[in-house]
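Reader: I would like to learn how to read a protein model from its coordinates. Please take one feature at a time, with the general idea and then the case at hand.

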Amino acid sequence: MKIAVIGAGTLGVTTSLELISHGHEVKVFEKNAGVAQEASFATAGFIGPGLTHSWVGPGMVSHILKRYFSMQGGIKRHGVGIPAGWLLKWSKACASPHVEMKQAAMHRLAQYSQEVLKSITEQHGLNFEMSAGSLILLRSESELATYQTHLKLLKQADIPFKQLDSMETLKVEPALSSSERLWGSLYFPNDAVANCRQFTLLAKQIAESQGVEFLTGKEVLPLSANNPLMIQVNGMPDEKFDHVIVCSGIGTKHILKNQSIPLPLLAIHGYTVSAAVREPIDAPLSGVLDASSMVSVSRMGQRIRVSGMFEHGQNPKKPVDSVSLLYKVLNDWFPGAAKTTEIVQAWKGTRDVLADGLPLIGSSGIPGVWLNAGHGNHGWSFACGTARLIADMISGRECEIDLKGLGIERY
Ligand SMILES: Cc1cc2nc3c(=O)[nH]c(=O)nc-3n(C[C@H](O)[C@H](O)[C@H](O)COP(=O)(O)OP(=O)(O)OC[C@H]3O[C@@H](n4cnc5c(N)ncnc54)[C@H](O)[C@@H]3O)c2cc1C
């Protein structure tokens, strides 16, 4: 079949790779000059179910709104607030009796995706920056409470984790500063930190060598109401496809603006700062998330990447002037680990967040139009798995995991 993929972030590229391996004819349209230049450019890198924890659940409304209005915990707002309609849908999702089932679906997806990533890596002998394990650092016992449902579901799914005290935590990450208050941590030995952009570039090379055509610098116009399988790009002849897969990140809403698909997608910006390791002995071995600030510090080969913040609205400041919290958390936990006075990359990326915290995978309800979007904070973690699932669905094969709760039927 002839298939168009709109968007060449990590989701679009991995989807194209799976489709070509199923024998389809695939074209990827990307508005930027290259792949992985938007949300997939400089992610924190966490993959696996341990850190797949959504902001949807019992008690989350008061927990998040308190931070939102006081602008604590890395949350910032500019200009008009979050639309009331989105907030209403989110608060309903938090109170839903199905919330545990939804969290479990995310864990399943993260675990499956990690397996698919591993199989692609082994099959093609790929080499990209990756380190094993991740930690959530807790400064007090009360921080553990937020994770109770998450841990219960991990246990039910037999996903390994350990609750560590401060001494045990230091054995996993020996460079953690002893001057910072550390109560303990949650350790996820099977999770990992890996470089999303590096993997995506490698996946693109393989896809291209197998016949995927990447059309970069080509912005696809919103799909027409009458003929949604006709791809229109200014300056190119219109082209009809058998299937169209929307992997357009935060651009998804615009692509679908002529269709009656009411997606509650919200743009939430975040930042990362990447700098060279100064002294390996002072640097993290893998990735840690500071539970109180929700800022992570992770190892990317010879660099350290600090990531966090949840920002809504237009911040007039440059990324480099908006990241003081990231430097603070880096200096709290790994003082002197990175060469922050030398070349530092400060980056701002935009997450596409659906009100119920879950991604949207599968048919859009319009024949031939498929969605792989709304991945929020976990698109890298979910990429390889959702790509394979979409390719299986289009090819009429049975999916290897249950997708209940992740489809369009919920809107
Ligand atoms: C600070 C930060 C840290 C993060 N850390 C992690 C993490 O640790 N682990 C994790 O799993 N996830 C993380 N994420 C989330 C992750 O980055 C995203 O979920 C993921 O990159 C989304 O991939 P994507 O391909 O859907 O979107 P994108 O990478 O944004 O790709 C979408 C592509 O579609 C293109 N496009 C859009 N509209 C059109 C159009 N009309 N025509 C042609 N092309 C179009 C865009 O140019 C873009 O290249 C993080 C995000 C941020 C912001």
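Author: The turns below go from the overall fold to the ligand, the core, two helices and two loop residues. The model is predicted.

Reader: Start with the overall fold. How many helices and strands does the protein have?

Author: The protein has 10 helices and 18 strands.

Reader: How does the radius of gyration compare with that of a compact globule?

Author: The idea is to set the value against what the chain length would give. For 411 residues, a compact globule would have a radius of gyration near 22 Å, and the protein has 21 Å, which agrees. Along the principal axes, the C-alpha atoms fill a box of roughly 60 × 45 × 45 Å.

Reader: What share of the residues is buried, and what share of the contacts joins residues 24 or more positions apart?

Author: Buried residues are 47% of the 411. Of the contacts with a separation of 6 or more, 78% are between residues 24 or more positions apart.

Reader: Now the ligand. Which residues come nearest?

Author: A shell is read by its members, its elements and its classes. There are 39 residues around the ligand, and Gly7, Gly9, Gly249, Gly251 and Gly379 come nearest. Helix H1 (10-21), strand E2 (25-30), strand E12 (265-276), strand E16 (344-354) and helix H10 (379-394) each supply at least two residues of the shell.

Reader: How is that shell divided by class?

Author: The shell around the ligand has 21 polar, 13 nonpolar and 5 charged residues. Glycine is counted among the polar residues here.

Reader: Which residues of the largest nonpolar core touch the most other members?

Author: That core has 109 residues, and the ones touching the most other members are Ile6, Val244 and Val246. H10 gives the most to this core, with 9 residues.

Reader: Take Ile6 as a case. Where does it lie, in which strand, and is it buried or exposed?

Author: Burial is read from a count of neighbouring C-beta atoms, and 20 or more within 10 Å makes a residue buried. Ile6 lies in strand E1 and is buried, because 25 other C-beta atoms are within 10 Å. Beyond residues up to four places away in sequence, Ile6 touches Phe29, Val220, Val244, Val246, Cys247, Ser248 and Ile255. Sequence distance and spatial distance are separate readings: Ile6 and Leu229 are 223 residues apart in sequence and 12 Å apart in space, C-alpha to C-alpha.

Reader: How should I read a helix such as H1, and what should its 12 residues span?

Author: Begin with the length. At 1.5 Å a residue, the 12 residues of H1 should span 16 Å, and the end C-alpha atoms are 17 Å apart, which agrees. Then look at covering: 11 of the 12 residues of H1 are buried, among them Leu11, Val13, Leu17 and Glu18.

Reader: What do the buried residues of H1 pack against?

Author: They pack against strand E1 (2-6), E2, helix H7 (196-209), strand E11 (243-246), strand E18 (369-373) and H10. Just after H1, Gly23 takes a positive phi of about 90°.

Reader: Does the length check carry over to H4; what should its 26 residues span?

Author: At 1.5 Å a residue the 26 residues of H4 should span 38 Å, and its end C-alpha atoms are 38 Å apart, which agrees. Gly125, just after H4, takes a positive phi of about 60°. Gln103 has its place in H4 (residues 99-124). Gln103 counts as buried because 24 other C-beta atoms lie within 10 Å. Leaving aside neighbours within four places in sequence, Gln103 is in contact with Ser54, Gly57, Thr149, His150 and Leu153. Gln103 and Leu221 are 118 residues apart in sequence and 34 Å apart in space, C-alpha to C-alpha.

Reader: What is the phi of Ala36 near, and why look at it?

Author: Most residues other than glycine have a negative phi. Ala36 is a residue other than glycine with a positive phi, near 55°. Ala36 is in the loop between E2 and strand E3 (46-47), and it counts as buried because it has 25 C-beta neighbours inside 10 Å.

Reader: And Asp158: where does it lie, and is it buried or exposed?

Author: Asp158 lies in the loop between helix H5 (148-156) and strand E6 (162-165). Asp158 counts as exposed because it has 7 C-beta neighbours inside 10 Å. Its phi is positive, about 60°, although Asp158 is not a glycine.

Notes:
Residues are numbered from 1 along each chain as its sequence is written. This is a predicted model: local features need pLDDT of at least 70, side-chain atom pairs count only at pLDDT 80 or more; totals for chains, interfaces and linings use all residues. Helices (H or I, at least four residues) and strands (E, at least two) are DSSP runs, numbered from the N terminus. The radius of gyration is taken over C-alpha atoms; the globule rule is 2.2 Å times the number of residues to the power 0.38. Two residues are in contact if their C-beta atoms, placed from the backbone, lie within 7 Å. A residue is near a molecule or strand if its C-beta atom, placed from the backbone, lies within 6 Å of it. A nonpolar core is a set of buried Ala, Val, Leu, Ile, Met, Phe, Trp, Tyr and Cys residues joined through C-beta atoms within 7 Å. The expected span of a helix is 1.5 Å times one less than its number of residues.
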